[in-house]
Amino acid sequence: MDTIKVALVGTGGIGNHHAKTYEPIEGVELVAVCDIVKERAEQFAERYGVPKKNAFTSYNKMLEMDEIDTVSVCTYNQAHRRPAVAALKAGKHVLCEKPMAATLADATAMARAAKEAGKILHIAIHSRFQPRVDIARKIIDAGILGDVYYSESAGCRRRGVPGGTFIYKKTAGFGAVVDIGVYNMFNTMFALGYPKPATVSAFTCDYISSEMPSLKEMDVEEFGVAWVRFEDESVMIFKISWAVHANSLGPNYFLGKKAGLSYDRLEVYADEVPKDLEKLVKSEGGTLKVEEAKNMKNISIQGLPSVDVWRAQVEAFRDAVLHDEPAPIDPEGVLLTNVVMDGIARSIKKGGREVSVKVPEI
């Protein structure tokens with residue numbers, strides 16, 4: 001096999017984005033599509049050159065096609081589990097749009113189904129393929145920062161409530177926390193090597209959106225913040241917004257006992273330039289620029305290649321399928337974001353008090 005045959009479930013905005021990303025990539029062919037509205041499925045099939053006979057309203061019926069190798073799950077958040085699990089049980093690999101699921105129970109069921117089937121479950125957190133995220137993980141893995149005891153994970157839209165299925169609990173589960181928050185939360189935890197969360201305390205609100213007539217039926221958060229303690233005794237502050245009276249919620253960074261790292265600015269802060277950092281950055285094709293700053297050095301990492309993260313993600317997924325390799329993004333790593341999100345939800349129900357969380361056995 002030198003081409004993966006893809007079936008797609010869900011023909012909304014993100015489904016179209018997946019299909020457009022697949023089109024120019026060698027070794028990827030979209031062969032079937034499913035939507036609960038037959039007309040949408042047929043229009044989507046015509047748009048992307050899929051035979052009309054392969055436009056379905058039932059993903060279970062579609063999964064009977066022997067030629068399908070992989071399935072793109074592009075439904076709204078609360079509808080990820082069923083098609084993903086069905087596809088895995090049918091022996092298909094799955095590329096599921098983020099978040100993994102709206103609930104910890106659904107995410108756990110998906111991870112278990114993938115393990116039992118021996119198939120790839122890749123969650124489409126495309127920002128993971130940014131060179132800055134990759135090198136942050138390598139810097140931390142190399143011990144250049146020493147033990148990391150504190151991190152901040154932040155993302156900000158000043159005004160950017162998406163509307164549609166994103167603003168209702170029945171379809172999205174959460175608001176900004178899972179929509180855009182999952183990117184930064186996952187990237188931070190990935191860079192840290194997937195520490196296990198132990199406790200969570202949180203605050204969420206929708207003060208701005210609740211005053212907007214067009215969003216009067218919205219019942220999810222526009223802003224969320226959480227204090228996460230990990231089993232290794234380190235701490236992460238998580239901050240995210242769809243709407244806020246600010247132009248930033250701050251940078252994403254890590255504090256270690258030897259050095260600190262901002263992966264927004266791609267800067268390391270240390271007393272001296274670590275030799276291991278010089279070697280690592282050179283091996284990645286980059287260079288260092290050093291500035292003196294109050295008896296410390298600001299070490300800027302420059303020259304890393306730019307990457308089309310959507311394309312890089314699909315190519316990595318394709319290669320994993322073709323060469324029988326693990327998922328490009330470990331689903332059990334992504335599951336940790338659902339552990340934190342579940343903790344956020346339970347903390348909110350208890351007035352923001354700290355709650356214990358547990359990583360499920362897969």
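Visitor: In which sense do strand 1 and strand 2 pair, parallel or antiparallel?

Guide: A good place to begin. Strands of a sheet pair through backbone hydrogen bonds, and the pairing can be parallel or antiparallel. In this predicted model, strand 1 (residues 4-9) runs parallel to strand 2, and six bridges join the two. To find the register, look at Lys 5, which sits opposite Glu 29 in strand 2.

Visitor: And how many residues of strand 2 are buried?

Guide: Six of the seven residues in strand 2 (residues 28-34) are buried, so the rest of the structure largely encloses this strand.

Visitor: Let's turn to the sheet of 10 strands. What is its strand order?

Guide: Reading across, the order is 14-15-13-12-11-7-10-9-8-16; the sheet is open and its pairing is mixed.

Visitor: Which strands stand at the edges?

Guide: Those are strand 14 (287-293) and strand 16 (355-356). Each has a single partner strand, so one side of each lacks a neighbour in the sheet.

Visitor: Could you take me through one pair? In what sense do strand 8 and strand 9 pair?

Guide: Strand 8 (residues 197-205) is antiparallel to strand 9 (residues 223-230), with eight bridges between them. Val 200 faces Val 228 of strand 9 across this pairing. Packed on the sheet you will see helix 12 (residues 331-349), which touches strands 8, 9, 10 (235-241) and 16. The direction of helix 12 makes about 55° with that of strand 8.

Visitor: At what angle do helix 5 and helix 12 cross?

Guide: The axes of helix 5 (residues 104-117) and helix 12 cross at roughly 165° and come within 9 Å of each other. An angle over 145 degrees counts as roughly antiparallel, so that is how helix 5 lies relative to helix 12. The crossing is left-handed.

Visitor: Which residues meet there?

Guide: From helix 5 come Leu 104, Ala 107, Thr 108 and Lys 115; from helix 12 come Glu 332, Leu 335, Asn 338, Val 339 and Asp 342. Sorted by class, this contact holds four nonpolar, two polar and three charged residues.

Visitor: One last stop: is helix 9 mostly covered or mostly exposed?

Guide: Helix 9 (residues 181-191) is mostly covered, with 11 of its 11 residues buried. Among the buried residues are Tyr 183, Asn 184, Phe 186, Asn 187 and Phe 190.

Visitor: What is the sign of phi at Gly 193, after helix 9?

Guide: Following helix 9, Gly 193 has a positive phi, near 85°.

Terms used. Residues numbered from 1 in each chain as written. Predicted model: local features only at pLDDT ≥ 70, side-chain atom pairs only at ≥ 80, totals over all residues. Heavy atoms only, no water. Pairing = 2+ DSSP bridges. Helix = DSSP H or I, 4+ residues; strand = E, 2+ residues; numbered from the N terminus. Contact = heavy atoms within 4.5 Å. Axes fitted to C-alpha atoms, helices over the stretch in contact; angles between N-to-C directions. Parallel < 35°, antiparallel > 145°, perpendicular 65-115°, else oblique. Left-handed = near helix turned anticlockwise from the far one by under 90°. Nonpolar A, V, L, I, M, F, W, Y, C, P; charged D, E, K, R; others polar. Buried < 20%, exposed > 50% of the residue type's maximum accessible area, 1.4 Å probe, protein only.
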